[in-house]
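Please find below my notes on the model you sent, set out as numbered points.

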Amino acid sequence: MDDFSTIIKYVAKHIELTEEEEAYFVSLLKIKKVRKKQFIVQPDFICNHRTYIVKGALRAYLVDNKGQEHTVAFGIEDWWIADFNSYFFRQPATLFVEALEDSEVIQIEYNDELELMKNVPKFEKFYRILAQNGYAFLQRRVLANLSMSAEERYEEFMKRYAAVAARVPQYALASFLGFSTEFLSKIRNKRVKKR
């Protein structure tokens, strides 16, 4: 039998399931192995899955009209990732979601998630909590971009997400923080000299 223990533990942090509810939830899930550099979402296609990361690291990013990449989100173990605008509103995706490492993910399909919430209403609470956490993170990021210097944004990210920074490529981290890879190198070198 496939191992869904990590996602069950994650859900249990937020809602309590009966054995029957847990079995029903698991019946809707699919485990997928994703190779490094493989995409699970691409622009112009509707994002049909919400993805929970069991093992590995992924990033969601946009490519602008000039060909510049802008990292919107990272995901590591016990995090969720998708092009949520596409997923919720059934519109073509604008983001790429790419594996940064060989990864294992668990996915739930959009229509199955709707059925799950209808048949097990406590999942409404679960997905509300995910949405609240995601919105709070997004607000912190927007406020940091508006009120902090590039160095302060880097320091804040390192304080909160050092484990992520250690695993993602420098170009992806720089694009997430809103500056060039060269500028990120300067900040890192400055930090090393201060020690």
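The points below go from the basis of the model to the whole chain, its cores and one helix.

1. This is a predicted model, in which local features need pLDDT of at least 70 and side-chain atom pairs count only at pLDDT 80 or more, while totals for chains, interfaces and linings use all residues. Residues are numbered from 1 along each chain as its sequence is written, and side-chain values use heavy atoms, with hydrogens and water left out.

2. The chain has eight helices and eight strands, taken as DSSP runs (H or I, at least four residues, for helices; E, at least two, for strands) and numbered from the N terminus. Its C-alpha trace spans about 55 × 35 × 30 Å along the principal axes. Buried residues, meaning those under 20% relative accessible area with a 1.4 Å probe and protein chains only, make up 42% of the 195 residues.

3. The largest nonpolar core (buried Ala, Val, Leu, Ile, Met, Phe, Trp, Tyr and Cys residues joined through side-chain atoms within 4.5 Å) has 39 residues, and Ile7, Phe25, Phe123, Phe126 and Tyr127 have the most contacts inside it. Apart from this core lies another of 20 residues, including Ala57, Tyr161, Leu173 and Leu184.

4. In helix H4 (residues 110–119), the buried residues are Tyr110, Glu113, Leu116 and Met117. They lie on the same side of H4, because they cover an arc of only 115° around the axis, the arc being that of the directions from the helix axis to the C-beta atoms. These residues pack against helices H2 (19–27), H3 (84–89) and H5 (122–147), and against strands E3 (49–55) and E8 (103–109), where contact means heavy atoms within 4.5 Å.

Definitions and conventions
Buried means under 20% relative accessible area, exposed over 50%, partly exposed in between (1.4 Å probe, protein chains only).
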